[in-house]
Amino acid sequence: LEARGCSVVVETVKSPELGDTLKRERAEQKKLLADTHTAAMDLRSRLENSEKGWVKEKSELLERFEAERKEWENQLMDMQRKIEEVSLRMCATPHSSAERTVSCFRLTP
């Protein structure tokens, strides 16, 4: 470097201590890289297992939901049928014309 007309020469001094330090740092970096790689692979494996578990759980939940939905539809149809039966019985029994108009209705066409 030159500054104000002065010349400065930088020499690289290789000492045994510097070489050993660089080797230790390089070994430490390799170890950290290997540890990081191992941790990344472990996390990836866990994620894949978690995804597989979620897919299975999702499928089971959808199946259960569909079964419950069908059961509720069956119960609704059963209740509608019972209401229809009660309505028909009410219409079959003698009432005043006002009561008959109110009580005689059909849920299904």
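# Reading salt bridges along a helix

User: I can see that Asp35 and Lys31 both sit in helix α1 (residues 16-92), with their positions four residues apart, or about one turn of the helix. In what kind of contact do the side chains of Asp35 and Lys31 meet?

Analyst: Quick reminder before we start: this is a predicted model. The general idea goes like this: side chains of opposite charge can pair when their charged atoms come close. In this structure, Asp35 and Lys31 meet in a salt bridge, at 3.0 Å from N to O. The cut-off is 4 Å between the nitrogen and the carboxyl oxygen, so that pair counts.

User: Okay! And are Asp35 and Lys31 buried or exposed?

Analyst: You read that from the relative accessible area: under 20% is buried, over 50% is exposed, and anything in between is partly exposed. Asp35 has 39%, so it counts as partly exposed. Lys31 has 53%, so it falls in the exposed class.

User: Which residue forms a salt bridge with Asp42?

Analyst: That would be Arg46, with the closest N and O atoms 3.3 Å apart. Asp42 and Arg46 are again both in helix α1, four residues apart, so about one turn of the helix lies between them. As for the surface, Asp42 is partly exposed because its relative accessibility is 36%, while Arg46 is exposed because its value is 54%.

User: Let's move further along the helix. Why are Glu85 and Arg81 separated by about one helical turn?

Analyst: Because they are four residues apart in helix α1. Their side chains meet in a salt bridge too, at 2.8 Å from N to O. Glu85 is partly exposed, with a relative accessible area of 34%, and Arg81 is also in the partly exposed class, at 41%.

User: Which residues are linked with Glu85 and Arg81 in a network of salt bridges?

Analyst: Asp78 and Lys82 join them, so you have a network of Asp78, Arg81, Lys82 and Glu85.

User: How many salt bridges does the whole structure hold?

Analyst: Eight, when the whole structure is searched.

User: Now the bigger picture. How many helices and strands does the chain have, and in what order do they run?

Analyst: It has two helices and two strands. Going from the N terminus, you'd read them as β-β-α-α.

User: Which element has the highest mean pLDDT, and which the lowest?

Analyst: Think of pLDDT as the predictor's confidence in each residue. Helix α1 comes out highest, with a mean of 94, and strand β1 (residues 2-3) lowest, with 48. Over the chain, the average is 82, and 73% of the residues score at least 70.

User: What does UniProt list for residues 55-89?

Analyst: The unreviewed UniProt entry lists that stretch as "coiled-coil region". In the model, the span is 100% helix and 0% strand, and its end C-alpha atoms lie 51 Å apart.

User: And what share of the 109 residues counts as buried?

Analyst: Just 3% of them. The accessible surface of the chain is about 10400 Å², and carbon and sulfur atoms account for 60% of that.

User: Which residues form a nonpolar patch on the surface?

Analyst: Trp54, Val55 and Leu61 do, with about 310 Å² of accessible area together. Leu61 is part of helix α1, and it counts as partly exposed because its relative accessibility is 36%.

Technical notes: Residues numbered from 1 in each chain as written. Predicted model: local features only at pLDDT ≥ 70, side-chain atom pairs only at ≥ 80, totals over all residues. Heavy atoms only, no water. UniProt positions renumbered as here; feature names shortened; annotations may be inferred. Buried < 20%, exposed > 50% of the residue type's maximum accessible area, 1.4 Å probe, protein only. pLDDT = per-residue confidence, 0-100. Areas by Shrake-Rupley, 256 points an atom, 1.4 Å probe, with all protein chains shown as cover. Patch = residues over 30% accessible without salt bridge, like charges linked within 9 Å, V, L, I, M, F, W, Y side chains within 5 Å.
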